[in-house]
Amino acid sequence: MLFADSMSLLWLSYYGLSLVVFVAIYFAFAFLPRLPRLLLTWCIGGAMWAPAPFRLPLVEEGEFYTGWAPSAMVAAVGFLESNGGALRNGLLCLVLGVAIGGVVGVLLWWRGRNKVVDAPVAEEKAASDREETRRREPVIR
């Protein structure tokens, strides 16, 4: 259930804000062609959305808090604390998220590459009747 100070509300807020960032990234890369734009956007999205497990020691000796967090944060905290295990897990999940995001971006490009927007072809009619070629004044009805 979603209520104050809940972990599910925290994740829901994180993913909601990351969707806003995802759309902003897509529009920021508007100057790029479609393939690199989709590839970069989805790689960054995969990096934002990849979770990684973590384990923090508590104040009491021998007790730990375990949970899930965005892999970039797990890797950053592991680097700052010189914790090789957390850094390795965070980076592995981060690279896996970027790879999956890149595959999704390429698949989206592949799916949409054959959709060629053709301009409607205007049919040319030869004016056979003199009445059709004569200019008519506009009429307000």
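Leaving aside its neighbours within four places in sequence, which residues is Ala86 in contact with? The answer is Val74, Ala75 and Gly78. Keep in mind that you're looking at a predicted model. The protein chain in it has five helices and two strands, and here's a quick tour of what goes where.

**The big picture**

- If you walk along the sequence, the protein chain runs through the pattern α-α-β-β-α-α-α.
- The protein chain has 141 residues, and 21% of them count as buried.
- Take the contacts in the protein chain with a separation of 6 or more: residues 24 or more positions apart account for 42% of them.
- The accessible surface of the protein chain adds up to about 11,300 Å², and carbon and sulfur atoms own 67% of that.

**How far to trust it**

- Averaged over the protein chain, pLDDT comes out at 85, and 84% of the residues reach 70 or more.
- Confidence is highest in helix α2 (residues 34-49), with a mean of 93.
- At the other end of the scale is helix α5 (residues 130-133), where confidence is lowest, at a mean of 66.

**Helix α2 and what covers it**

- Helix α2 is 16 residues long and reaches 22 Å from its first C-alpha to its last. That's close to the 22 Å expected at 1.5 Å a residue.
- Quite a list of residues is buried in α2: Arg37, Leu38, Thr41, Cys43, Gly45, Gly46, Ala47 and Met48.
- So what covers these buried residues of α2? The cover includes α1, β2 (64-70), α3 (71-80) and α4 (84-112).
- Pro36 also lies in helix α2, but Pro36 is only partly exposed because its relative accessible area is 30%, and the cut-offs for buried and exposed are under 20% and over 50%.
- Pro36 and Val106 are 70 residues apart along the chain, yet their C-alpha atoms are separated by 8.8 Å.

**Helix α1: one residue in, one residue out**

- Phe22 lies in helix α1, and Phe22 counts as buried because its relative accessible area is 11%.
- Not counting residues up to four places away in sequence, Phe22 touches Thr41, Trp42, Gly45, Met48 and Trp49. Thr41, Gly45 and Met48 are among the buried residues of α2.
- Between the C-alpha atoms of Phe22 and Thr41 there are 7.0 Å, and the two residues are 19 residues apart along the chain.
- Leu10 lies in helix α1 (residues 7-28) as well. Is Leu10 buried or exposed? Leu10 counts as exposed, because its relative accessibility is 53%.
- Leu10 teams up with Met7, Leu56, Leu58 and Tyr65 to make a nonpolar surface patch of about 460 Å².

**Helices α3 and α4, and the loop between them**

- Ser71 lies in helix α3, and Ser71 counts as buried because its relative accessibility is 0%.
- Who touches Ser71, if you don't count residues up to four places away in sequence? That would be Ala47, Ala50, Pro51, Ala52, Gly90, Cys93 and Leu94.
- Back to Ala86 from the opening question: Ala86 lies in helix α4. Ala86 and Val74 are twelve residues apart in sequence and 6.4 Å apart in space, C-alpha to C-alpha.
- Ser82 lies in the loop between α3 and α4, and Ser82 is exposed because its relative accessible area is 67%.
- Most residues other than glycine have a negative phi. Ser82 isn't a glycine, but Ser82 has a positive phi of about 55°.

**The salt bridge**

- How many salt bridges does a search of the whole structure find? It finds one.
- Side chains of opposite charge can pair when their charged atoms come close. Here, the side chains of Glu137 and Arg135 meet in a salt bridge, at 2.6 Å from N to O.
- Glu137 counts as exposed because its relative accessible area is 52%.
- Arg135 is exposed too, because its relative accessible area is 66%.

Terms used
Residues numbered from 1 in each chain as written. Predicted model: local features only at pLDDT ≥ 70, side-chain atom pairs only at ≥ 80, totals over all residues. Heavy atoms only, no water. pLDDT = per-residue confidence, 0-100. Helix = DSSP H or I, 4+ residues; strand = E, 2+ residues; numbered from the N terminus. Patch = residues over 30% accessible without salt bridge, like charges linked within 9 Å, V, L, I, M, F, W, Y side chains within 5 Å. Areas by Shrake-Rupley, 256 points an atom, 1.4 Å probe, with all protein chains shown as cover. Salt bridge = Lys/Arg side-chain N within 4 Å of Asp/Glu carboxyl O. Buried < 20%, exposed > 50% of the residue type's maximum accessible area, 1.4 Å probe, protein only. Expected span 1.5 Å × (residues − 1). Contact = heavy atoms within 4.5 Å.
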